[in-house]
Amino acid sequence: THRGTLFPYTTLFRSELSKTLSRGKADEKLFNNLEDMINAANEKGYSTYTINDMTKRIIPVIQDIHGVIDKKTGEVIESVYALVQLKIDKTKRLAEEDVDCYSLIYYAQSVIDNFPITLSEKETSLLQKKIEHLEKMNLDGTYEQNIAAYDDLDQFIDEFPLVDVFMRLNKAGEICDEHEPSKAPKFYAAVSNIMEALEKENIERVDAILEEILPEVVKVINQYDCETGTIQKGITR
């Protein structure tokens, strides 16, 4: 499953470019490249996680396109043009490879916010630094830098298997909140019971809870966590 346990399913993409595009110039070319990428993504039927990730990346690209042409001279600002093209190419490649960085960031931050018991103070501080680094690479890094930051954060989280247990339980609860509300409380209760058992160092109790609840967790996630999405365009030149 994707790390994006709690990532909001916002797939709406709206922007107004009507007053700033210069017909036939570099900013319009970038806009067309962006639109082609969106059309291709919608045809491929990416998961909602990937569509969310792409949408988060596209919004700053739209903002950057406004700055490609110097307002005084009408000349292309090459550094801005190159950065925008890099962001478009990177967004496309990450989507094709099913690398959802923003979902991982949201996942990791949720660990800090909701399950601090799983990490020491030092580990929490290190996790926060890795999150911030990936956020920076998402905005300004090359594809290679972005992947390196993603892998670094992903591998660090993998060092704490209990994190995945809590997040999957929480994910099942949130899914049921939407699809089968009557089932949600059992997953949230399992989280509370495990945390209580850990505080008492009752590992046998933890194992018993997991043995009972995990098959249901897998069933719920497999049933509902496979939706696809589209990027809704409300763009005018």
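This text leads through the fold, the nonpolar cores, the aromatic pairs and the charged side chains of the structure above.

The structure is a predicted model, in which local features need pLDDT of at least 70 and side-chain atom pairs count only at pLDDT 80 or more, while totals for chains, interfaces and linings use all residues. Residues are numbered from 1 along each chain as its sequence is written, and side-chain values use heavy atoms, with hydrogens and water left out.

The chain has nine helices and two strands, these elements being DSSP runs numbered from the N terminus (H or I with at least four residues for a helix, E with at least two for a strand). Along the sequence the order is β-α-α-α-α-α-α-α-α-α-β. Of the 237 residues, 46% count as buried; buried here means under 20% relative accessible area, exposed means over 50%, and partly exposed lies in between, with a 1.4 Å probe and protein chains only. The chain exposes about 12,400 Å², of which carbon and sulfur atoms supply 50%, the areas coming from the Shrake-Rupley method with a 1.4 Å probe, where for residues only the protein chains shown count as cover. Among the contacts (heavy atoms within 4.5 Å) with a separation of 6 or more, 77% join residues that are 24 or more positions apart.

The interior can be followed through its nonpolar cores. In soluble globular proteins, nonpolar side chains tend to be buried together. A nonpolar core is a set of buried Ala, Val, Leu, Ile, Met, Phe, Trp, Tyr and Cys residues joined through side-chain atoms within 4.5 Å. The largest such core has 46 residues, and the members that touch the most others are Leu127, Leu134, Leu153, Ile157, Leu169, Phe187 and Ile194. The elements giving two or more residues to this core are α4, α5, α6 (143–157), α7, α8 (184–199) and α9 (203–224). Leaving out residues up to four places away in sequence, Leu127 touches Ala108, Val111, Ile112, Leu119, Leu153, Phe156 and Ile157. Apart from the largest core lies another, of 19 residues, among them Ala26, Met37, Ile58 and Ile88.

The aromatic rings come next. A pair of aromatic rings is described by the distance of the centres and the angle of the planes. Rings of Phe, Tyr and Trp (its six-membered ring) pair if their centres lie within 6.5 Å, and planes under 30 degrees apart count as stacked, over 60 as edge-to-face and the rest as tilted. The count by this rule comes to two aromatic pairs. Phe115 and Phe166 form a stacked pair, at 5.0 Å centre to centre with 10° between the planes. This pair links distant parts of the chain, since Phe115 sits in the loop between α4 (101–114) and α5 (121–140) and Phe166 in helix α7 (residues 161–179), 51 residues apart. Phe115 counts as buried at 4% relative accessibility, and Phe166 counts as buried at 0%. Phe156 and Phe160 form an edge-to-face pair, with 5.3 Å between the centres and 70° between the planes, and both Phe156 and Phe160 are buried.

Charged side chains can be read in a similar way. Side chains of opposite charge can pair when their charged atoms come close. With a salt bridge taken as a side-chain nitrogen of Lys or Arg within 4 Å of a carboxyl oxygen of Asp or Glu, the count comes to eight salt bridges. In one of them, Lys44 pairs with Glu96, the closest N and O atoms being 3.5 Å apart. Lys44 lies in helix α1 (residues 26–44) and Glu96 in helix α3 (residues 78–96), so this salt bridge ties together parts that are 52 residues apart in sequence. Lys44 is partly exposed, with a relative accessible area of 48%, and Glu96 is partly exposed at 43%. Arg93 and Glu97 also meet in a salt bridge, at 3.3 Å from N to O, and Arg93 in addition lies over the face of Tyr143, at 3.6 Å from the ring centre; the rule for this asks for NZ of Lys or CZ of Arg within 6 Å of the ring centre and within 35 degrees of the ring normal.

Lys87, found in helix α3, is buried, with a relative accessible area of 9%. Leaving aside neighbours within four places in sequence, Lys87 is in contact with Val61, Asp64 and Leu139.

Two loop residues close the tour. Asp98, in the loop between α3 and α4, has phi near 60°, a positive value in a residue other than glycine. Glu201, in the loop between α8 and α9, has a positive phi of about 55° although it is not a glycine, and Glu201 is exposed, with a relative accessible area of 67%.
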